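Me: I have a structure open and would like to learn how to read it. Could you walk me through it, one feature at a time?

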Amino acid sequence: MAVTVVTETGARPVRAGRRPPVAWVGTLPFLAYVALFLILPTGIVVWNAFQVTTTKVVNGIPVTGAKHFDLGTFNQLFNAANRGYFVNSIELAGLTALAGAILGAVLTYAVATGSPNGVIRRIALAGSGVLAQFGGVTLAFAFFALINPSNGLLLHASWYYTFPWSIGLIYLYFQIPLMVLIFLPAVDGLKAQWREAAENLGGSTWHYWRYVGGPLLLPPFLGALLLMFANALSAFATIVAWDNQISFVVPQQISSDLISEVGLFSVNGADLLALGMVILVALVMTGYALLQRRTARWLR
Amino acid sequence: MAAIVPVPVVDDLTSPGAQQSRPGLRASQSRRLNAFRYLVFALAAVFFGLPMFALFRMSLLGSRPGTYSFAAWKQIGTYPGLLGSIELSLEISVITFVLMILLLLPTMMWTRLRVPRFGRTLEFLCLLPLAIPAIVLVVGWAPEYNRIERFNLSGIMLIWAYVILVLPYTYRALSAGLNAIDVPTLSEAARSLGASWATVMTRIIAPNMWQAILNAALLSMSLTLGEFTVAYILGYNTFSVKLVSISRNSNNPVVVFAASAAGLLFTFLLLLILSYVGRRRRRRRA
């Protein structure tokens, strides 16, 4: 007969799954900061986008009247001028994302197949970090030094001021490095054993890429493509340093709306365009998140 | 610049990629791969090297055609307002990093130790600035800064916005660091020896993830040093804003090319040197 030994332990009284609320206090400073500098400004943008300022003309001088909330302002996002900025933005972002992703993927593969501690890899990563993060205005100046119409090194190119080709080419100088940075972990994740397995089963290099490597790298590649699209969409520094005569893309127009304060007769143009950007980028980033989840399944 | 750069972490330098011997490839394949690699590197070197070379050449051009001089580089120190803008950018980037690490690291550690249920929310909030570009946030910051400015007009005020901008990148770096160590075991060991929660965080966990903190510093500094959008629209004269204003307002802005070249070179060397610092430390530990 089995003897059951029951030990009395001086255990603390069990509070079923409940943490004392005092632990949550530790997260408050962070939450307060994020509320004040991330949530509140976003809220301000959305709120102001739907504000209409009524103007009265008193003695021939326009006077700003009361503001009121009007969802109808959203239609103005699709007027001809605004549509033009969005079309240009999407064109530039799409072009540079696609070209940058393809060229960047080739460069990434060349970097990934080298020694993990090699000098080439270090230089490629440090250089990519500089161009993708710090680059900005300095890239436009470098490109100006290369091909500007008067005393450029390589060409005295009159197409320096063409949209989207010239500015697109400059964008590639931060888009390709960005691709290297975000795609490298995925290419590094390809295991040599998978290649060996394909070889042992009689597969050729083509078979390996068609049935193993390609399908594995496709989700991270598409994810990187979306991320780069969003990046080019919100890029602002380079295009300002390149040419400030005309607004081509949405960020330029937001900036000129905001700085010139001409919103007297219209709705707040900057807020409305910003809201459009939020919607567009949120769509892109949702797609990115979905692809990222798929990639995470095998990338450890 | 570049609003979205998720994983340029120095740690990645030594991630377990392909080895030199390349198992899984036959000798002929390996030779072909090498030819492909060197072709790609040569093309990339030309593509990226040319504008950089042109930039340095332009910065060294003398006042008469065909002559070269260091005049533009000397102007970096003397051009009105330029040195001040460099100082401001350096100060902002250091203070942003300190503020960010004081705000984020304790919150991340506290979340792992005491309120794991908050983890998902924390990650979402930290990655949110990726989905809301700086050019959008600045539209909302403008009215906020109009209020702040009543009290203080210094460009240092940019730190409040920059902490938000660097949040996604530093969160990833710090999260990778926390994942690499066994937080529960370390903290239980320390707690059972009588350590307070503060001691656990400052003297047990933080020293074990200094590499991740270094990565976070690197990311946040290279981003804030080159940041343009927010500073330009809020009207603060940081390094990159000053460069653009010089290039617009001066008819012979050679100093812009010299300062751009210096900025690129400085940041490149910073990243390169720190990638070696991280590695030496790891080898010693092994």
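Reply: Gladly! One caution before we begin: this is a predicted model. A good place to start is the interface, where chain B and chain A together bury about 8800 Å², with carbon and sulfur atoms making up 75% of that area.

Me: Which part of chain B gives the largest share of the side that touches chain A?

Reply: That is helix α1 of chain B, residues 27–60, which supplies 18 residues. By class, this side of chain B has 73 nonpolar residues, along with 18 polar and eleven charged ones. Counting contacts, 102 residues of chain B meet 100 residues of chain A.

Me: How many salt bridges and how many polar contacts does the rule find across the interface?

Reply: For salt bridges, the rule finds zero between chain B and chain A. For polar contacts, it finds seven residue pairs, both partners being at pLDDT 80 or more.

Me: How many salt bridges does the structure hold over all chains?

Reply: There are two. One joins the side chains of Asp188(A) and Arg121(A), at 2.7 Å from N to O. Asp188(A) sits in helix α5 (residues 165–188) of chain A and Arg121(A) in helix α3 (residues 119–134), so this pair ties together parts that lie 67 residues apart in sequence.

Me: Are those two residues buried or exposed?

Reply: To decide, compare the relative accessible area with the cut-off: buried means under 20%. Asp188(A), at 10%, therefore counts as buried, and Arg121(A) is buried too, at 2%.

Me: Which side chains meet in a salt bridge at 3.8 Å?

Reply: Those of Glu199(A) and Arg195(A), again from N to O. Here it helps to look at the spacing along the helix: the two are four residues apart in helix α6 (residues 192–200) of chain A, so about one helical turn separates them. Both Glu199(A) and Arg195(A) are buried.

Me: How do I step back and read chain A as a whole?

Reply: Begin with its elements. Chain A has ten helices and two strands, and from the N terminus their order is α-β-β-α-α-α-α-α-α-α-α-α. Then look at burial: 51% of its 300 residues count as buried. Finally, look at how far apart in sequence its contacts reach. Among contacts in chain A with a separation of 6 or more, 68% are between residues 24 or more positions apart.

Me: May I try a single residue in chain B? Where is Ser220(B) found?

Reply: Ser220(B) is in helix α9 of chain B, residues 210–226. Its relative accessible area is 0%, so it is buried. Setting aside neighbours within four places in sequence, Ser220(B) is in contact with Phe97(B), Val166(B) and Thr170(B).

Conventions:
Residues numbered from 1 in each chain as written. Chains lettered and ligands numbered in written order. Predicted model: local features only at pLDDT ≥ 70, side-chain atom pairs only at ≥ 80, totals over all residues. Heavy atoms only, no water. Contact = heavy atoms within 4.5 Å. Buried area = accessible area lost by both parts, 1.4 Å probe. Salt bridge = Lys/Arg side-chain N within 4 Å of Asp/Glu carboxyl O. Polar contact = N/O pair within 3.5 Å; in protein donor to acceptor, adjacent residues only side chain to side chain. Nonpolar A, V, L, I, M, F, W, Y, C, P; charged D, E, K, R; others polar. Buried < 20%, exposed > 50% of the residue type's maximum accessible area, 1.4 Å probe, protein only.
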